[in-house]
Amino acid sequence: MGTIALEGLEFFSYHGFYDEEQKIGNKYAVDIVVTADFSEAARRDRLSATVNYEDIYRITAGVMQQPARLLEHIAHRIIEEIRAKYPDLEAVEVSVSKFNPPIGGVCHRAKITLKE
């Protein structure tokens, strides 16, 4: 087993529980780790035998363009779409962070992580 990770993907998107958040938008970060058997890719040196991280980025960018209320929902949708493209993955872990969340105090970012 091995992992492929995309770390620190950044997007400006229109997510949030409050209507105002969906109007003004905010900066978000996404980290993704996929776990699978990459031994064939390692032996054969073929992209077709592994996960193309350009696909993972495109999937994530597409999900980030669709407004959602909860970070958990965003992470779940990213996982679903990655698994639809790569059904044989052992695990997919997605973290979504919202910068400067509206909590009434200082907070650099709020972060959730889902692993399925």
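A charge sits over a ring if NZ of Lys or CZ of Arg is within 6 Å of the ring centre and within 35 degrees of the ring normal. Here, Lys27 does just that: its charged end sits over the ring of Phe99, 4.5 Å from the ring's centre.

A word on the source: this is a predicted model, where local features need pLDDT of at least 70, side-chain atom pairs count only at pLDDT 80 or more, and totals for chains, interfaces and linings use all residues. Residues are numbered from 1 along each chain as its sequence is written, and side-chain values use heavy atoms, leaving out hydrogens and water.

Now for the aromatic rings. Rings of Phe, Tyr and Trp (its six-membered ring) pair if their centres lie within 6.5 Å; planes under 30 degrees apart count as stacked, over 60 as edge-to-face and the rest as tilted. By this rule there are three aromatic pairs, including these:

| Pair | Centres apart | Planes | Type |
|---|---|---|---|
| Phe12 and Tyr14 | 5.6 Å | 80° | edge-to-face |
| Phe17 and Tyr18 | 5.2 Å | 85° | edge-to-face |

How open are these residues? Buried means under 20% relative accessible area, exposed over 50%, and partly exposed in between (1.4 Å probe, protein chains only). Phe12 is exposed at 52%, while Tyr14 is partly exposed at 39%. Likewise, Phe17 is exposed at 54% and Tyr18 is partly exposed at 49%.

His15, on the other hand, is buried, with a relative accessible area of 1%. Leaving aside neighbours within four places in sequence, His15 is in contact (heavy atoms within 4.5 Å) with residues including Tyr28, Val63, Met64 and Lys98.
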